[in-house]
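This report is written for someone meeting the structure for the first time. It begins with one strand and its partners, and then turns to a helix, the cysteines and the protein as a whole.

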Amino acid sequence: MDLNGAVEDIMPWEGTLSSSDFFLSARTFSEKWKMFNPSFPPWQWILCPKQHLVASHKVEGYLSMENMCHIKSSEVEDCNRSLTWKEDSNDSQREEPFDCGTLVCPEHEVNHYDFHIVYSSSYRVPVLYFRSYHSDGQLLSFNEIEKDLPCNSAKLLLESKWTFITHEEHPHLNRPWYKLHPCGTSEWMKLLFDGDSSLNRNGFVIERYLVSWFSVIGQVVGLKIPLEMLDTVVSNDS
């Protein structure tokens, strides 16, 4: 009897990823996103210099999707409001946001968002970081960001504001960004895959992780993935 196989059968998967697994899953996620979300900007892998004393095999980097315009009609209020995302037409890389107010009509309000998916070495799960700013480059306050969130997210924030979304230093940029706190991520990811026959048959298929994770976490900020994106990953792995 194979000892390694026996150990794997005894020790169930904990819902976490290694840094190298995160890189592989991120690659699949970005490819699927580009295929099924052509109207959105792509998720790009940003390679970061390895830090001192970091193991040579560890992958240092994160996924980035930037210059998204969040458009909200002033006529729609509260839970009935409609969330619309639009890509910023300026494709140039920049440190500070520029004024593209002409992209929207006066009766609509526009805010700009940058999203990063970063690997947490302490929790061993992906974490969604984001920042938001007006067309003039001024950062949004947390209260303004709350108004952009879907109704369900806004209600949850009222109950657990600083354990749900926190304002912390970006691990690669050394500047404060907002993030969705990863506490509990491994638990609900484990539940998400609980009973999946592919886990029992072939072990955990790493390519499915980030797509499945974002299908849940993306809804918090109003970013949904097409069902075809999930179905394709499942059919490819089955």
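In this predicted model, strand β7, which spans residues 176-180, is mostly covered, since four of its five residues are buried. Strand β7 has pairing partners in β5 and in β6, and in each case the strands run antiparallel. With β5, the pairing of β7 rests on two bridges, while five bridges join β7 to strand β6, made of residues 165-169. One residue of β7, Lys-179, appears in both pairings: Tyr-129 stands opposite Lys-179, and Thr-166 also stands opposite Lys-179. The table sets these two pairings out.

| Pairing with β7 | Sense | Bridges | Residue opposite Lys-179 |
|---|---|---|---|
| β5 | antiparallel | two bridges | Tyr-129 |
| β6 | antiparallel | five bridges | Thr-166 |

Strands β6 and β7 are also linked as a hairpin, with six residues between them, and within that turn Asn-174 has a positive phi of about 55 degrees.

Strand β5, residues 125-133, is also a packing partner of helix α5, for the buried residues of α5 pack against β5 and against α7, which covers residues 208-217. Helix α5 itself runs over residues 185-192, and its buried residues are Thr-185, Ser-186 and Met-189. Because these three cover an arc of only 90 degrees around the axis, they lie on the same side of α5.

The cysteines can be considered next. How many disulfides does the structure hold? The count is zero. Two cysteines show contrasting surroundings: Cys-69 is buried, with a relative accessible area of 1%, whereas Cys-183 is exposed, with a relative accessible area of 57%. The first value falls under the 20% that marks a buried residue, and the second lies over the 50% that marks an exposed one.

Turning to the protein as a whole, its secondary structure comes to eight helices and seven strands. Of its 238 residues, 45% count as buried, and the accessible surface comes to about 13200 Å², of which 52% belongs to carbon and sulfur atoms. When contacts are taken between residues at least 6 apart in sequence, 60% of them join residues that are at least 24 apart.

Technical notes:
Residues numbered from 1 in each chain as written. Predicted model: local features only at pLDDT ≥ 70, side-chain atom pairs only at ≥ 80, totals over all residues. Heavy atoms only, no water. Disulfide = S-S within 2.5 Å. Buried < 20%, exposed > 50% of the residue type's maximum accessible area, 1.4 Å probe, protein only. Arc of directions from axis to C-beta. Contact = heavy atoms within 4.5 Å. Pairing = 2+ DSSP bridges. Areas by Shrake-Rupley, 256 points an atom, 1.4 Å probe, with all protein chains shown as cover.
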